[in-house]
Amino acid sequence: MQLLDELPMIYGAAFHLYSDIEVTSPLNHKNRPLQIGLAIYCAIVTAFYLLSQHVIFFQVSYGLLVTLMVFSSVRLMLYYEHNTLLYLTGLVTYMSGFVLWNLDQHFCGNLQ
């Protein structure tokens, strides 16, 4: 049942990354290579995780997407000159959730 919680994290992060990258594209533009690349990434992570169930593999795979999301969000913030405080609040909130999730993964048995 843990897979039903973790795999959507990969899919959601991939969708967010695609949206961040494509938000500055012309209307109705579809970046097929990026779509295919992210779909393949998700499929490989899903298949390997289902077969191996190595939590570290999942965490690294998800962490890679989160890192790319952070960089793409910084690019957007600079491109649109958005409110830096709003961006930093979102970043700190998201990264805090990521850190707490990792602590839960590694120390859940000890904390009960």
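Here is a walk through the fold, from its overall layout to its core, its aromatic rings and a few spots on the outside.

Keep in mind that this is a predicted model. The layout is easy to take in: the protein has four helices and zero strands, so to speak an α-α-α-α run when you read from the N terminus on. Laid along the principal axes, the C-alpha atoms fill a box of roughly 45 × 35 × 15 Å. Of the 112 residues in the protein, 28% are buried. If you take contacts between residues at least 6 apart in sequence, 71% of them join residues at least 24 apart.

Now to the inside. In soluble globular proteins, nonpolar side chains tend to be buried together. Here the largest nonpolar core holds 19 residues, and those with the most contacts inside it are Ile10, Leu38, Phe58, Tyr62, Leu65 and Trp101. Each of α1 (2-22), α2 (32-52), α3 (55-80) and α4 (84-111) supplies at least two residues of this core, and α1 gives the most, with seven residues. Leu38 makes a good place to zoom in. Setting aside residues up to four places away in sequence, Leu38 touches Ala14, Leu17, Tyr18 and Leu65.

Next, have a look at the rings. A pair of aromatic rings is described by the distance of the centres and the angle of the planes. The count comes to seven aromatic pairs. Take tyrosine 49 and phenylalanine 58: their ring centres are 5.2 Å apart and their planes sit at 25°, and because planes under 30 degrees apart count as stacked, this pair is stacked. How exposed or buried are the two partners? Tyrosine 49 has a relative accessible area of 4%, so it is buried, and phenylalanine 58 is buried too, at 0% relative accessibility. Both also belong to one aromatic cluster, made up of Tyr49, Phe58, Tyr62, Phe98 and Trp101. Among these, Phe58, Tyr62 and Trp101 also appear in the list of core residues with the most contacts.

Right beside phenylalanine 58 in sequence comes a polar residue, glutamine 59, in helix α3. Is glutamine 59 buried or exposed? With 8% relative accessibility, glutamine 59 counts as buried, because the cut-off for buried is under 20%. And what is glutamine 59 in contact with? Leaving aside neighbours within four places in sequence, the partners are Phe98, Trp101, Asn102, Gln105 and His106. Two of those, Phe98 and Trp101, you have already met in the aromatic cluster.

Finally, the outside. The protein exposes about 7600 Å², and carbon and sulfur atoms supply 71% of it. One spot to find on the surface is a nonpolar patch formed by Val99, Leu100, Leu103 and Phe107, with about 370 Å² of accessible area together. Valine 99 lies in helix α4, and with a relative accessible area of 44% this residue is partly exposed, since that value falls between the 20% and 50% cut-offs. Tyrosine 79, in helix α3, goes a step further: its relative accessible area is 52%, so it counts as exposed, the cut-off being over 50%. Tyrosine 79 and threonine 24 are 55 residues apart along the chain, yet their C-alpha atoms are separated by 8.9 Å.

How values were computed
Residues are numbered from 1 along each chain as its sequence is written. This is a predicted model: local features need pLDDT of at least 70, side-chain atom pairs count only at pLDDT 80 or more; totals for chains, interfaces and linings use all residues. Side-chain values use heavy atoms; hydrogens and water are left out. A nonpolar core is a set of buried Ala, Val, Leu, Ile, Met, Phe, Trp, Tyr and Cys residues joined through side-chain atoms within 4.5 Å. Buried means under 20% relative accessible area, exposed over 50%, partly exposed in between (1.4 Å probe, protein chains only). Contact means heavy atoms within 4.5 Å. Patches are made of residues with over 30% relative accessible area and no salt bridge: like charges are joined within 9 Å, nonpolar side chains (Val, Leu, Ile, Met, Phe, Trp, Tyr) within 5 Å. Accessible areas come from the Shrake-Rupley method with a 1.4 Å probe; for residues, only the protein chains shown count as cover. A salt bridge is a side-chain nitrogen of Lys or Arg within 4 Å of a carboxyl oxygen of Asp or Glu. Rings of Phe, Tyr and Trp (its six-membered ring) pair if their centres lie within 6.5 Å; planes under 30 degrees apart count as stacked, over 60 as edge-to-face and the rest as tilted.
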